[in-house]
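Reader: Hi! Could you walk me through this structure before I set anything up?
Author: Happy to, here it is.
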Amino acid sequence: DAIDTTVSDEPDKIKDAGLAVESAREKLAVSQKALDDLKAGADELDIKTQRNLVAQKESALADARDSLAGCFVRAPFDGSLSKVGVKKGDTVSNGTTLVSLMTDQRVADIVLNEIDAAKVRVGQKATVTFDAIDGFSVTGKVVELDSVGAVSQGVVTYGAKIAFDVQDPRVKPGMTVSAALILDMKQDALLVPSAAVKSQGGQSYVEVAPSGADVSRGSASSGVVLSAVPARRQVQVGESDDTQTEILSGLQEGDIVVTRTIAPAAAATQSSSSRSALQIPGLTGGGPTMVTGGGGGRGGFNRN
């Protein structure tokens, strides 16, 4: 009776129910396809399309950042403003210097000849002195060395930069500096004054005071009398700096070596003695010929 009543009185209700069932089947089919696509993985074309969209967005972001950066004047490094070259309202153009910026890190620019440049390496230690600051020096290291030299009047030079280990307010831009670059270091080296080392026939030698010579007497203005002519002794030299030379063999610590000889004519005005002898200035005694001398000793050694 209920079915008959529904069919006769509400035919549209049965039709609507059928449509609802059909719609539900279609939705189920769509969901099933989505599930199958998900299980099968993303389509390569879709992935490529999405990547292109991401690249476009990244390009737009970079353009926006460049536009923002163009609204500011930025320094290439940290430091302090030392001079402002313009004021508000001035018209500026390409090449106009707005400000001068001074770095917090002091750097000395030096020039090396081609012989020295071949020995210098980045990272080597250095000692820098200043003509304008008496008794002041600062340590540093080489941080930059030109790969290509500059030629001026046929002379090749290479620029180098030395960064200071400590910053001192007395150091000003433009000051004249002298730099001693430490190329090598040795401990417990046997050293003699470089003036004592001579060369002949490709061999190095020094003149050594005779055994038993008393060189403990005298003052800086006089000399010492030697009983015999200094003996020539062949030596093997190592490293050297501006004042000292390393002796690898041929001498022992404490040997007295000759560093300078004064001709007899020059010594004759200081002494009327006619004895034939040798004199070392700085020690007592007299004679027509004088030589300076010094003893070999050991110590730390820096080759500059």
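Author: First a term: pLDDT is the predictor's confidence in each residue, from 0 to 100. This is a predicted model, where local features need pLDDT of at least 70, side-chain atom pairs count only at pLDDT 80 or more, and totals for chains, interfaces and linings use all residues. Residues are numbered from 1 along each chain as its sequence is written, and side-chain values use heavy atoms, leaving out hydrogens and water.
Reader: Cool, what's the average pLDDT of the protein?
Author: The average is 79, and 80% of the residues score at least 70.
Reader: And where does pLDDT stay under 50?
Author: That happens over residues 271–294, for which the model has 96 contacts beyond four places in sequence (contact means heavy atoms within 4.5 Å).
Reader: Switching topic, how many aromatic pairs are there?
Author: A search of the whole structure finds 2; ring centres of Phe, Tyr or Trp (its six-membered ring) must lie within 6.5 Å, and planes under 30 degrees apart count as stacked, over 60 as edge-to-face and the rest as tilted. F130 and F164 have ring centres 6.0 Å apart and planes at 90 degrees, so that pair is edge-to-face.
Reader: Nice. Are F130 and F164 buried or exposed?
Author: Both F130 and F164 are buried (under 20% relative accessible area; exposed is over 50%, partly exposed in between, with a 1.4 Å probe and protein chains only).
Reader: Which residues form the aromatic cluster?
Author: F130, F136 and F164.
Reader: What lies over the face of F136?
Author: R170 does, at 4.4 Å from the ring centre. The criterion is NZ of Lys or CZ of Arg within 6 Å of the ring centre and within 35 degrees of the ring normal. R232 lies over the face of Y205, at 4.1 Å.
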